[in-house]
Amino acid sequence: MKKVYFAAPMRGVRGALNESRELVKLMEDNGLMVLTKHVIEDVLDNDKGMSHQEVFERDIRLLDEADILIAEVSYPSLGVGFEIAYALLKGKTVVALVKKDRVESLSSLIRGITMKNFHLIEYSSPNEALEKILDKTARRGVS
Ligand SMILES: O=c1[nH]c(=O)n([C@H]2C[C@H](O)[C@@H](COP(=O)(O)O)O2)cc1CO
């Protein structure tokens, strides 16, 4: 089963939280294992009693374990930017998802990534995002 590190804004701007929640459910219904369901919870890990260092170490472990990073990038997040860079430099496949009406506000440094393991996907609905993710992961042979 493909292991997905799903990255989404937490202390960043949570403008696509509903879409992210729906997408996580769709990914699981379609046989992907989502390692990071904490990113779609209302309460931040630090407010649940984890130290910042524990959050960092847990997330690095999960990033190393994942087959693929899927990042919701429609709204800004320092943490998601860090996770994208880390996964790219580790040679993982990275799929960044941006809502069609948010493309123009996306950082040039993300929009312009030319690394072969990076894919930017525009979507209008979580269903459309899922179809495009399945297409990318199947054709890439990620297992
Ligand atoms: O409580 C947390 N737990 C956690 O795992 N993260 C990680 C996973 C998310 O994909 C990413 C979100 O970063 P940020 O909080 O800067 O928006 O950072 C971030 C926070 C809050 O900063």
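Here is a short chat about helix α3, helix α2, residue A16 and the ligand shell.

Visitor: What kind of model is this, and how are residues numbered?
Guide: Residues are numbered from 1 along each chain as its sequence is written. It's a predicted model, where local features need pLDDT of at least 70, side-chain atom pairs count only at pLDDT 80 or more, and totals for chains, interfaces and linings use all residues.

Visitor: How far apart are the end C-alpha atoms of α3?
Guide: Helices here are DSSP runs of H or I, at least four residues, and strands are runs of E, at least two, numbered from the N terminus. The expected span is 1.5 Å times one less than the number of residues. For the 12 residues of α3 (residues 78–89) that gives 16 Å, and this agrees with the distance in the model, 17 Å.

Visitor: Which residues of α3 are buried?
Guide: Buried means 20 or more other C-beta atoms within 10 Å of a residue's own, exposed means 12 or fewer, and partly exposed is in between, with C-beta atoms placed from the backbone. An α-helix has 3.6 residues a turn, so residues three or four places apart point the same way. In α3 the buried ones are V80, E83, I84 and A87.

Visitor: How wide an arc do those buried residues cover around the axis?
Guide: The arc is taken from the directions from the helix axis to the C-beta atoms. L78 and L89, on the other side of α3, are exposed. V80, E83, I84 and A87 are the buried ones. They sit on the same side of α3, because their arc is only 100°.

Visitor: How many residues of α2 are buried?
Guide: α2 has 14 residues, and its end C-alpha atoms are 20 Å apart, in agreement with the expected 20 Å. The helix lies largely in the open, because the number buried is 1.

Visitor: Is A16 buried or exposed?
Guide: A16 is in the loop between β1 and α1 (17–29). Setting aside neighbours within four places in sequence, A16 is in contact (C-beta atoms, placed from the backbone, within 7 Å) with E72, S74, Y75 and K99. With 21 other C-beta atoms within 10 Å, A16 counts as buried.

Visitor: Which helix gives the largest share of the shell around the ligand?
Guide: The ligand is surrounded by 18 residues (C-beta atom, placed from the backbone, within 6 Å), and the closest are R11, G12, D45, S77 and G79. α2 and α3 each supply at least two residues of the shell. The largest share, 4 residues, comes from α3.

Technical notes: Contact = placed C-beta atoms within 7 Å.
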